[in-house]
Amino acid sequence: MPTRRAVTGRSREPRARFAEELRLLRTARGHSLRQLGDRLGWDWSLFGKMEKGETVGGPEVVQALDTHYGTPGLLLALWELAVSDKTQFKERYRRYMALEAEAVSMWHFAVSVLPGLLQTQGYAREVLASGGLRGEALEQQVEARMGRRELLAGEDVPQFRTILSEAVLRTPLRDRREWEAQLEYLLEVGEREDVTLQVAPFRAGLHGLTNADVMFLRLPDGRTVAYAENGYRGELIEESVPVERLQRAYDSVRDLALSPAESRKFILRILEEARASP
């Protein structure tokens with residue numbers, strides 16, 4: 001499908017438009033990528049990747065570009081649109097994301113991997129790479145996943161509860177420092193007023209959600225939908241009967257899980273073990 005064009009002749013696709021504006025602003029100044037890198041103190045190759053749409057960069061570099069070009073807030077606004085662009089995600093996931101954006105509360109269970117909303121960049125990169133992503137595709141998906149964390153930031157965020165199987169916390173990253181950073185981030189997020197984090201220890205035994213991650217979204221109209229997934233596929237479930245069945249399984253897991261305070265202590269112990277390991 002060809003990229004849509006507005007009456008200005010510029011792209012309407014958020015990522016493409018952001019890259020386009022960066023190229024136009026730089027060439028209008030008559031600067032090379034190397035000159036831009038020297039002036040702003042960033043590696044010039046980063047700007048090259050941003051102008052090709054291979055990466056959108058971070059907010060710090062975009063703010064520096066806004067200041068450099070005298071476009072206060074313009075590039076940052078385009079960057080925010082590019083980061084939240086749902087076309088970055090697979091088609092089967094977009095319907096879920098549209099519902100997620102409306103949700104007033106979210107309940108989640110993780111059987112083996114942390115939910116994307118709680119992942120650090122290092123964790124996301126290793127998880128996505130283990131699924132076969134490489135190069136530009138990998139970096140694009142890492143950035144997209146980091147952009148999704150904004151759902152739990154700011155004001156009027158949905159209430160979010162996650163129950164993590166102990167297996168999630170017993171499966172470290174290969175990079176010990178990245179793993180420590182991920183555990184520290186979990187502890188930080190767990191302190192937020194709108195987030196409840198619990199751990200389902202191994203001693204809880206088998207239960208109805210042993211082999212699948214699941215997210216429940218409570219929508220403004222009172223409906224609840226579920227998204228269940230394993231390592232290879234996901235399914236959005238909107239019919240009330242299967243959703244209620246999953247909710248009952250979730251309630252039983254919550255009954256078996258550690259309290260939020262006990263869960264925090266549990267994660268702290270895992271972090272101490274990680275720091276003490278050679």
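**Exercise 1.** Determine whether arginine 254 is buried, partly exposed or exposed, and describe its salt bridge with aspartate 251.

*Solution.* Arginine 254 has a relative accessible area of 33% and is therefore partly exposed, where buried means under 20% relative accessible area, exposed over 50%, and partly exposed in between (1.4 Å probe, protein chains only). Its partner aspartate 251 is likewise partly exposed, at 34% relative accessibility. The two form a salt bridge whose closest N and O atoms are 3.3 Å apart, the term standing for a side-chain nitrogen of Lys or Arg within 4 Å of a carboxyl oxygen of Asp or Glu. Because arginine 254 and aspartate 251 are 3 residues apart in helix H11 (residues 240-256), about one helical turn separates them; helices (H or I, at least four residues) and strands (E, at least two) are DSSP runs, numbered from the N terminus. Elsewhere, Glu166, Arg170 and Glu273 are joined into one network by salt bridges that share partners.

The model is predicted, so that local features need pLDDT of at least 70 and side-chain atom pairs count only at pLDDT 80 or more, while totals for chains, interfaces and linings use all residues. Residues are numbered from 1 along each chain as its sequence is written, and side-chain values use heavy atoms, with hydrogens and water left out.

**Exercise 2.** Within that network, compare the burial of glutamate 166 with that of arginine 170.

*Solution.* Glutamate 166 and arginine 170 form a salt bridge with the closest N and O atoms 3.1 Å apart. Glutamate 166 counts as buried, at 8% relative accessibility, whereas arginine 170, at 38%, counts as partly exposed.

**Exercise 3.** Among the 12 salt bridges of the structure, work out which helices are tied together by arginine 26 and glutamate 51.

*Solution.* The side chains of arginine 26 and glutamate 51 meet in a salt bridge of 2.7 Å, N to O. Since arginine 26 lies in helix H1 (residues 14-29) and glutamate 51 in helix H3 (residues 44-52), the pair ties together parts that are 25 residues apart in sequence. Arginine 26 counts as buried at 12% relative accessibility, and glutamate 51 counts as buried at 6%.

**Exercise 4.** Decide which stretch of the chain has pLDDT below 50.

*Solution.* The chain averages a pLDDT of 87, and 91% of the residues score at least 70, pLDDT being the predictor's confidence in each residue, from 0 to 100. Over residues 1-7, however, the pLDDT is below 50. Where pLDDT is low, the predicted coordinates should not be read in detail.

Conventions
Contact = heavy atoms within 4.5 Å.
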